[in-house]
Amino acid sequence: MSIKQNLQNIKTSLPEHVTLVAVSKTKPISDLMEAYHAGQRIFGENKIQEMVDKHETMPKDIEWHMIGHVQSNKVKYMAPFVRLIHGVDNFKLLKEINKQALKHDRAIDCLLQIKIASEDSKFGMTPNEASKIIKSDVFSELKNIKVVGLMGMATFTNNDSQIEKEFNYLKDTFDSLKQTSTDNYQLNTISMGMSGDYQLAINCGSTMVRVGSSIFGSRNYN
Ligand SMILES: *Cc1c(COP(=O)(O)O)cnc(C)c1O
């Protein structure tokens, strides 16, 4: 099936309150443009340089989401335009994003990544670490970031009940952290679910799904 058809099939299966991030990492601009012409405006990339290059050549009404692990020293390259950073997993990174956003006189929306998978390879903080950050005095001084939600990645497994447990854990964490809000902290987004598990994620309360291979086909890393 074509990218356009894949997109349409997925979009019709999504409830209205769920946002689709088209994960276009490793894919050529021609593929992204096919999705663009089919109406897609939100794209997710996991490498900053690749996202910068695509942003430069593509139409400017696209929202670029950084979904990968972010190194602090590279934040400056995306600070002028990135719309949402999904994988914020430490306080130092949040402070760096604030610093770079200030240089561009803007506020950057961020999601805190919570570790929900059992694998050591997945990044993220504990709910307790997230809670400590948002309650700290230092955090309240960060005027150029806004924490708008949480992100999580489930374990890579065929065991649906394990994935469901991990998604429910993220939803529970969201519900508990959502009880308070401040100027720079107001939770409204749960980013969870990829090609293999986005329907399950939505059933567990996801409001934003990150779908790559089901739209663009499988990736070739060679
Ligand atoms: C690659 C990636 C996705 C998309 O994965 P698919 O299985 O191709 O849908 C989603 N989230 C993150 C963080 C990714 O790195």
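**Helix packing, the ligand site and Gly205**

Let me begin with helix α1, residues 3-13, and helix α2, residues 29-37, which pack at an angle of about 50 degrees while their axes lie 9 Å apart. I should say at once that what we are looking at is a predicted model, so please hear everything that follows with that in mind. With an angle of about 50 degrees, α1 and α2 are therefore oblique to each other, and the crossing in which α1 passes α2 is right-handed. If you look at the residues that meet there, α1 contributes Ile3, Lys4 and Leu7, and these face Asp31, Glu34 and Ala35 of α2. Sorted by class, the residues of this contact come out as 3 nonpolar and 3 charged, with no polar ones.

Now to a second pair of helices, α6, residues 127-135, and α8, residues 160-177, which pack at about 25 degrees with their axes 11 Å apart. Because angles under 35 degrees count as roughly parallel, α6 and α8 are described as roughly parallel to each other, and their crossing is right-handed. On the α6 side the contact is made by Pro127, Ala130, Ser131 and Ile134, and on the α8 side by Tyr169, Thr173 and Leu177. By class, the contact of α6 with α8 holds 5 nonpolar and 2 polar residues, and no charged ones.

Let me turn to the ligand, and ask which residues surround it. Starting from the N-terminal end of the list, they are Val23, Lys25, Ile67, Met151, Met153, Met194 and Ser195, followed by Arg210, Val211, Gly212, Ser213 and Arg219. Among them, Lys25 places a polar side-chain atom 2.6 Å from an oxygen atom of the ligand, and Ser195 has a polar side-chain atom at 2.5 Å from a ligand oxygen. For Arg219, an N or O atom in the side chain is 2.8 Å from an oxygen atom of the ligand.

Finally, I would like to spend a moment on Gly205, which lies in the loop between α9, residues 198-203, and β8, residues 208-211. Leaving aside residues up to four places away in sequence, what does Gly205 touch? The residues in question are Lys171, Ile190 and Met192. As for Leu32, which is 173 residues from Gly205 along the chain, the C-alpha atoms of the two are separated by 28 Å.

Methods. Residues numbered from 1 in each chain as written. Predicted model: local features only at pLDDT ≥ 70, side-chain atom pairs only at ≥ 80, totals over all residues. Heavy atoms only, no water. Axes fitted to C-alpha atoms, helices over the stretch in contact; angles between N-to-C directions. Helix = DSSP H or I, 4+ residues; strand = E, 2+ residues; numbered from the N terminus. Parallel < 35°, antiparallel > 145°, perpendicular 65-115°, else oblique. Left-handed = near helix turned anticlockwise from the far one by under 90°. Contact = heavy atoms within 4.5 Å. Nonpolar A, V, L, I, M, F, W, Y, C, P; charged D, E, K, R; others polar. Near = heavy atom within 4 Å. Polar contact = N/O pair within 3.5 Å; in protein donor to acceptor, adjacent residues only side chain to side chain.
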